[in-house]
Every structure is written in structure tokens, then in C-alpha cells.
Amino acid sequence: MDKVKCTERKNGLLCEVPMRDIEEACKRVLRKNTVEIRGKRYISPKKQHYPEQFFWDSGFHTIVTRHFDIGLAKDEILSILSNQWENGFIPHIVYWNFLPDYPYGAEISTRIQNFVVNRLYDTRREPPTSRITGCPVIGMSSLMVYLKLKSESFGRYVVNRMCNYFMWLENRDYDQDNLFSIIHPWENGQDDHPNFDVVLGFKRYMLSSTLMYNLRYHGYLLNRYKSVNWDEREIEKLDIFNVENVLFNSTVSAAMLAVSEIARRIKDERAEDLKEKGIKVAEAIERKLFDRKNVLFFDRKPASDKPW
């Protein structure tokens with residue numbers, strides 16, 4: 001297809017735009033938001049407002065950039081994985097260029113970010129990171145990049161890092177059913193999705209819902225988790241946001257299968273175990289999160305047969 005319909009109007013009429021023009025415009029956006037810092041390269045969602053590196057955003061970025069800049073795709077994957085913690089945890093945000101005095105002065109968003117990073121996350125790491133994870137889209141995108149690079153060293157690095165991440169993730173399988181819990185709405189990337197209203201205790205829609213959500217997330221969830229030193233077992237006991245989420249678990253399953261394929265190609269002995277685990281997660285999603293009556297998938301609380 002050489003041209004696609006464009007929703008932008010020209011002289012009141014819908015116009016057609018050459019596909020190449022759209023591709024070039026997309027490349028410009030990605031390059032414009034590419035960050036080079038501390039010997040790393042990644043694409044930020046928007047330099048002016050979100051200069052940080054985001055776990056699942058990097059997965060989507062590299063799916064695209066592998067088509068026109070395989071070096072950038074590789075660098076972005078290595079950048080996010082380089083901030084894996086010693087226990088295997090991968091944070092959903094890396095604050096590569098975080099400063100105690102953010103360049104936007106006294107804006108309220110700046111104050112909130114400083115408070116969250118310094119007081120609630122309080123990782124004391126350099127660069128600072130969040131203490132919640134995200135959907136591991138990077139597993140699938142790493143396979144796509146590997147297939148173009150055909151680099152064994154890159155493949156082995158990814159397999160080692162992602163295997164450690166999957167091992168850490170076992171801490172979130174609270175009821176040992178091959179489904180992993182998210183402990184914060186940001187962990188599945190849907191943020192203020194109304195699906196989480198019932199979990200958070202919102203009874204009705206409010207015009208100030210975005211502010212209320214942020215206060216609930218920052219002032220309540222994160223603060224409670226800090227009160228138990230972000231200990232996974234203690235967080236499980238708190239049971240204030242504990243959701244076996246469809247999107248998160250689907251991404252984990254797909255990531256396990258993708259990384260198992262990299263492992264198979266580099267002859268890593270963990271390939272079969274990864275594949276088996278990915279299949280088990282997929283089967284658990286169908287068995288426990290699929291409602292045959294409504295023909296829909298629903299999130300659920302661990303150890304419960306009822307959807308949220």
C-alpha cells in the first residue's frame with residue numbers, strides 16, 4: 001500500500017499521504033526524543049516532560065527502531081537491562097538525568113516527582129529508579145533485534161538478564177498458580193484505567209479523578225509499601241492492591257516464549273524451561289482469567305475464583 005488515508009484535512013477534504021512520508025515523520029519523532037547520557041542511548045516518551053527511560057516504552061520503541069537503526073534498538077535494550085537490580089528486579093522507570101532541582105523550577109509536577117523519587121522510592125541507587133516493575137515487552141523486542149543482529153553476545157546478555165527477572169517475578173506468584181500479581185496500576189501500563197476503580201475503592205467517576213488517582217497512588221500505595229521497606233512478602237500481607245492482571249500476565253508469557261527462542265538459538269540449556277514456563281502462564285490465563293459466560297478475560301484477585 002503506497003498511500004493511506006489521513007485524518008488531517010486539507011481545504012476541508014480528507015487527504016491521502018504517501019506511506020514513506022508517514023514513515024519519515026515517525027523516524028523524526030523517535031530521533032527527536034533520543035537521549036544520549038552517561039554512555040547510554042534510549043528514546044524518551046517526550047524529552048520535555050518525560051525525559052526518563054520507561055521499561056515497557058523501550059520495548060515498543062525497539063520494535064520500531066530495529067527497522068531503520070538497529071544500533072539504537074540494541075543500545076536501548078542494553079540501557080534498560082543495565083539497570084536491573086541484583087535480585088533480578090527491573091524497574092519501570094530509570095531516572096537517568098534526574099536532578100534534585102528539576103529544570104522546571106517550582107512546578108507542582110516537579111515537586112511531586114522529587115518527593116516520589118527521593119522519599120517514596122528512595123532506592124539510593126545511581127541513577128535512581130522506581131521500585132515497581134512493568135510489562136516486559138522488552139522480551140519480545142529483544143528477540144526481534146537479535147534476529148537482525150545475530151549476535152550471540154547480545155543474545156546471551158538478554159537471556160541472562162531476563163532469566164534473572166523471571167526468577168524475581170516468582171515472588172509475585174502469591175498463590176503459586178503461574179499467574180503474577182501487579183501491586184500498582186502503573187505496572188501494567190494502563191495507569192488510570194477504570195478497571196482498577198473497584199480495587200482502589202472508587203465508587204463513582206469524579207471530575208477530579210486524575211488528581212484523586214495520583215494522590216491515591218503516591219500518597220497511599222507507595223507510602224504504604226515504603227512503610228514495609230518494599231519487602232515483597234510484607235507487601236503481599238498488606239493486600240491493598242493485588243491483581244492478577246490479564247495484560248501483564250499475557251506480556252510475561254509472550255516474553256518468556258520469546259526469550260526461550262533466543263536461548264534455543266544460542267544453545268542455552270534454559271531454553272526448554274523458559275518455553276515450558278511461558279506455556280504454563282498462558283494456560284493459567286485461559287483457565288483462570290477467561291470468563292466463558294461473557295467470553296471475556298477479567299483480572300482477578302489471587303486465590304479467588306471471582307473476577308474483580
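**Briefing: packing and local geometry of the predicted chain**

H92 is buried, with a relative accessible area of 8%. This residue belongs to a predicted model, and its place is in the loop between α3 (70-81) and β6 (93-94). The chain as a whole has 11 helices and 10 strands, and 47% of its 308 residues count as buried. Among contacts between residues at least 6 apart in sequence, 66% join residues at least 24 apart.

**Surroundings of H92**

- Leaving aside neighbours within four places in sequence, H92 is in contact with Q53, F54, F55, Y121, S130, I132, T133, G134 and W186.
- One of these contacts, F54, is itself buried, because its relative accessibility of 15% falls under the 20% cut-off.
- Another contact of H92 is F55, which is among the buried residues of helix α2.

**Nonpolar core**

- In soluble globular proteins, nonpolar side chains tend to be buried together.
- The largest nonpolar core here has 70 residues, of which M162, Y165 and F241 touch the most other members.
- Not counting residues up to four places away in sequence, M162 touches L81, I90, P136, I138, G139 and V259.
- M162 and Y165 also take part in the contact between α6 and α10, while F241 forms an aromatic pair with F196.

**Helix α2 and its partners**

- Helix α2 spans residues 55-65, and its buried residues are F55, S58, G59, H61, T62 and T65.
- An α-helix has 3.6 residues a turn, so residues three or four places apart point the same way.
- The buried residues of α2 pack against helices α1 (19-32), α3, α5 (138-149) and α6 (152-169), and against strands β4 (40-43) and β5 (53-54).
- The axes of α2 and α5 are 8 Å apart, and the two helices pack at an angle of about 25 degrees. This angle is under 35 degrees, and α2 is therefore roughly parallel to α5.
- The crossing in which α2 passes α5 is left-handed.
- On the α2 side, F55, S58, G59, T62 and I63 make the contact, and they meet I138, S141, M144 and V145 in α5.

**Helices α6 and α10**

- Helix α10 (residues 246-265) packs with α6 at an angle of about 145 degrees, and the axes of the two helices are 10 Å apart.
- This crossing, too, is left-handed.
- From α6, the contact uses G155, V158, V159, M162, Y165, F166 and L169; from α10, it uses F248, V252, A255, M256, V259, I262 and A263.
- V259 of α10 is one of the residues that M162 touches.

**Aromatic pairs and cluster**

- A search of the whole structure finds 11 aromatic pairs.
- In the pair of Y50 and F54, the ring centres are 6.3 Å apart and the planes lie at 75 degrees, so the arrangement is edge-to-face.
- The two members of this pair differ in burial: Y50 is partly exposed, with a relative accessible area of 47%, whereas F54 counts as buried at 15%.
- F196 and F241 also form an edge-to-face pair, because their planes are at 65 degrees, with ring centres 5.4 Å apart.
- F196 lies in the loop between β7 (181-182) and α7 (197-200), and F241 in the loop between α9 (232-238) and β8 (243-244), so this pair ties together parts that are 45 residues apart in sequence.
- Both F196 and F241 are buried.
- One aromatic cluster is formed by F55, W85, F89, Y165, F166 and W168. Of these, F55 is in α2, and Y165 and F166 are in α6.

**Backbone features in loops**

- E126 and P127 are joined by a cis peptide bond, with omega about 0 degrees.
- The place of P127 is in the loop between α4 (108-121) and α5.
- R38, a residue other than glycine, has a positive phi near 55 degrees. R38 lies in the loop between β3 (34-37) and β4, and it counts as partly exposed at 44% relative accessibility.
- Q176 has a positive phi of about 55 degrees, although it is not a glycine. The loop that holds Q176 runs between α6 and β7.
- Q176 counts as exposed, because its relative accessibility of 60% is over the 50% cut-off.

Note on methods: Residues numbered from 1 in each chain as written. Predicted model: local features only at pLDDT ≥ 70, side-chain atom pairs only at ≥ 80, totals over all residues. Heavy atoms only, no water. Helix = DSSP H or I, 4+ residues; strand = E, 2+ residues; numbered from the N terminus. Buried < 20%, exposed > 50% of the residue type's maximum accessible area, 1.4 Å probe, protein only. Contact = heavy atoms within 4.5 Å. Core = buried A, V, L, I, M, F, W, Y, C linked by side-chain atoms within 4.5 Å. Phe/Tyr/Trp six-rings, centres within 6.5 Å; stacked < 30°, edge-to-face > 60°. Axes fitted to C-alpha atoms, helices over the stretch in contact; angles between N-to-C directions. Parallel < 35°, antiparallel > 145°, perpendicular 65-115°, else oblique. Left-handed = near helix turned anticlockwise from the far one by under 90°.
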